[in-house]
Amino acid sequence: MALGTDYELQDCALARALEVVGERWSLLIVRDAFYGVQRFNDFLTHLGIPRAVLTARLNALVAAGVLRKEPYQQAPLRHGYLLTDAGLELWPPLYLLSRWGGRHATPGGPHHLFAHAACGTDLDLTGACPHCGVPAVPAAEVVMRPNPGRSAAPRTDPVSRSLARPHRLLEPIASAADAK
């Protein structure tokens with residue numbers, strides 16, 4: 001019997017959330033949007049995702065109100081993808097999942113560390129700033145940096161190169177198109 005594509009019989013908020021962000025690649029697209037990726041080709045290059053799958057996932061995330069399309073070029077018309085308010089609300093669970101993965105599923109620990117931009121203190125396991133007492137630091141106030149305990153990633157695409165330096169979340173990264 002084939003797997004279903006939804007959780008129709010699960011009357012549960014988690015099941016509804018999984019219908020929005022639970023498909024393969026969806027959370028990685030959202031993660032990259034937090035990292036500052038906005039352009040289709042940059043998602044494509046950084047994720048190594050098939051073009052048709054990326055198109056489908058971006059369309060679904062836009063339809064669900066997680067991302068919005070915003071034109072960045074008129075001729076030919078091209079859109080960037082930015083997080084909506086609903087998408088920004090995914091930062092705490094995304095951060096928690098990332099921290100869990102860094103502790104339990106990634107040999108050598110996480111690739112990136114996250115700090116409160118206001119004071120430079122690393123966020124704790126819950127996304128709070130232990131120095132300032134901010135209980136849930138919003139994504140716009142977070143700086144990510146490579147984990148110095150990890151060797152540099154061998155990837156050389158423009159997104160990976162941008163993420164190899166400290167970077168404030170949600171700030172657009174240098175695009176592959178900008179490098180030309």
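Let's start with Gly-36, which sits just after helix 2 and takes a positive phi of about 105 degrees. Please keep in mind that we are looking at a predicted model. I'd like to use that glycine as a doorway into helix 2, and then walk outwards from there.

So, how many of the 10 residues of helix 2 are buried? The count is 7, so helix 2 is largely enclosed by the rest of the structure. If you want to click through them, the buried ones are Ser-26, Ile-29, Val-30, Asp-32, Ala-33, Phe-34 and Tyr-35.

One name in that list may catch your eye, and that is Asp-32. This aspartate is found in helix 2, and its relative accessibility is 0%, so Asp-32 counts as buried. What does Asp-32 touch, leaving aside residues up to four places away in sequence? Its contacts are Val-37, Phe-43, His-46 and Leu-47. Asp-32 also has a charged partner, because it forms a salt bridge with Arg-31, with the closest N and O atoms 2.9 Å apart. Arg-31 itself is partly exposed, at a relative accessible area of 23%. In this pair, then, the acid is buried, while the arginine is partly exposed.

Arg-31 turns up again when we look at how helix 2 packs. Bring up helix 2, residues 26–35, together with helix 6, residues 91–104. Their axes come within 11 Å and cross at roughly 105 degrees. The two helices are therefore roughly perpendicular to each other. Who makes the contact? From helix 2 we have Leu-27, Val-30, Arg-31 and Phe-34, and from helix 6 we have Trp-91, Leu-94 and Leu-97. Sorted by class, that contact has 6 nonpolar residues, no polar ones and 1 charged one.

As a bit of background, an α-helix has 3.6 residues a turn, so residues three or four places apart point the same way. That's handy to remember when you rotate the view and look down the helix.

Now let's move to the nonpolar core. The largest one has 35 residues, and the members touching the most other members are Ile-29, Phe-43, Leu-67 and Phe-114. Several elements give two or more residues to this core: helix 2, helix 3 (40–47), helix 4 (51–63), strand 2 (78–83), helix 6, strand 4 and helix 7 (158–163). Which of them gives the most? It is helix 2, with 5 residues. For general context, nonpolar side chains in soluble globular proteins tend to be buried together.

Phe-43 is a good residue to zoom in on. Setting aside residues up to four places away in sequence, Phe-43 touches Ile-29, Asp-32, Ala-33, Val-37, Gln-38, Gly-48, Ile-49, Leu-54, Leu-58 and Tyr-81. You'll notice our buried aspartate, Asp-32, among those contacts.

Back to salt bridges for a moment. A search of the whole structure finds 6 of them, and I'll show two besides the one in helix 2. One is between Arg-145 and Asp-122, at 2.8 Å from N to O. Arg-145 lies in strand 4 (residues 142–146), and Asp-122 is in the loop between strand 3 (112–116) and strand 4, so the pair ties together parts that are 23 residues apart in sequence. Arg-145 is partly exposed at 25% relative accessible area, and Asp-122 is partly exposed at 33%.

The other is between Arg-155 and Asp-157, where the closest N and O atoms are 2.9 Å apart. Buried or partly exposed? Arg-155 is partly exposed, at 38%, whereas Asp-157 counts as buried, at 10%.

Last stop, some backbone details. Ala-75 and Pro-76 are joined by a cis peptide bond, with omega about -10 degrees. Pro-76 is in the loop between strand 1 (67–73) and strand 2.

Then there is Trp-25, which has a positive phi of about 85 degrees although it is not a glycine. Trp-25 is placed in the loop between helix 1 (13–21) and helix 2. At 19% relative accessibility, under the 20% cut-off, Trp-25 counts as buried.

Leu-170 also has a positive phi, near 75 degrees, and is a residue other than glycine. You'll find Leu-170 in the segment after strand 5 (167–168), and at 27% relative accessibility it counts as partly exposed.

That's my tour, and I'm happy to pull up any of these on the screen.

Methods
Residues numbered from 1 in each chain as written. Predicted model: local features only at pLDDT ≥ 70, side-chain atom pairs only at ≥ 80, totals over all residues. Heavy atoms only, no water. Salt bridge = Lys/Arg side-chain N within 4 Å of Asp/Glu carboxyl O. Buried < 20%, exposed > 50% of the residue type's maximum accessible area, 1.4 Å probe, protein only. Helix = DSSP H or I, 4+ residues; strand = E, 2+ residues; numbered from the N terminus. Axes fitted to C-alpha atoms, helices over the stretch in contact; angles between N-to-C directions. Parallel < 35°, antiparallel > 145°, perpendicular 65-115°, else oblique. Contact = heavy atoms within 4.5 Å. Nonpolar A, V, L, I, M, F, W, Y, C, P; charged D, E, K, R; others polar. Core = buried A, V, L, I, M, F, W, Y, C linked by side-chain atoms within 4.5 Å.
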